[in-house]
Amino acid sequence: MMVTDPIADLLTRIRNALTAKHDGCIVPYSKMKESIVQILKDEGYISSFEIVETGGCKNINIVFKYGRKFERVITNLKRISKPGLRVYCGVDDLPRVLDGLGLAIISTSKGVMSDRNARKSKVGGEVLCYVW
């Protein structure tokens, strides 16, 4: 199956699985998706992930994190830069999601990183998505 926007597909699969209160979800593998999922893990939005190879194709198995009363840690995910409209920002214009409570994932020249790490590295780039 050909996907036009793989990042939007990743975010939609995560959003749908969280809405259905699944323990996790499986998404097709790519290096960009692995970087995004690694940031979600490092920031504490997901419990864990692993790369699984089945039948010659790689997949990413994501395990979600829930609160004590089974409330979602990830409230929402929003795709910002789309194939039809790319959104770039410099280091001074990096977005703050919910005044720092959320997370913006940025694709920079030094790799995919969170908005906090991009500010520390003093580098801007393409704003991929918001997570809160």
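These questions and answers cover the fold and the nonpolar cores of a predicted model.

Reader: How many helices and strands does the protein have?
Author: This is a predicted model. Along the sequence the pattern runs α-β-α-β-β-β-β-β-β-α-β. The count is 3 helices and 8 strands.

Reader: What radius of gyration does the protein have, and why does it agree with a compact globule?
Author: The C-alpha trace spans about 40 × 40 × 25 Å along its principal axes. The protein has 132 residues, so a compact globule would have a radius of gyration near 14 Å. The value for the protein agrees with that: 15 Å.

Reader: Which element gives the most residues to the largest nonpolar core?
Author: That core has 26 residues. Ile-14, Ile-62, Phe-64, Ile-105 and Val-131 have the most contacts inside it. Elements supplying at least two residues each include α2 (31-42), β3 (57-64) and β8 (125-131). The top contributor, with 6 residues, is α1.

Reader: Which residues of 125-131, the β8 strand, does Ile-105 touch?
Author: Ile-105 is among the residues with the most contacts inside the largest core. Leaving out residues up to four places away in sequence, Ile-105 touches Ile-36, Ile-39 and Leu-40, among others. Its partners in β8 (125-131) are Glu-126, Val-127, Leu-128, Cys-129 and Val-131.

Reader: How many residues are in the second core?
Author: This core is separate from the largest one. Its members include Leu-94, Ala-104, Met-113 and Val-127. The size is 10 residues.

Reader: How far apart do the centres of the positive and negative side chains lie?
Author: There are 21 positive and 14 negative side chains. The centres of the two sets are separated by 3 Å.

Conventions:
Residues are numbered from 1 along each chain as its sequence is written. This is a predicted model: local features need pLDDT of at least 70, side-chain atom pairs count only at pLDDT 80 or more; totals for chains, interfaces and linings use all residues. Side-chain values use heavy atoms; hydrogens and water are left out. Helices (H or I, at least four residues) and strands (E, at least two) are DSSP runs, numbered from the N terminus. The radius of gyration is taken over C-alpha atoms; the globule rule is 2.2 Å times the number of residues to the power 0.38. Lys and Arg count as positive and Asp and Glu as negative; His and the chain ends are not counted. The place of a charge is taken as NZ of Lys, CZ of Arg, CG of Asp or CD of Glu. A nonpolar core is a set of buried Ala, Val, Leu, Ile, Met, Phe, Trp, Tyr and Cys residues joined through side-chain atoms within 4.5 Å. Buried means under 20% relative accessible area, exposed over 50%, partly exposed in between (1.4 Å probe, protein chains only). Contact means heavy atoms within 4.5 Å.
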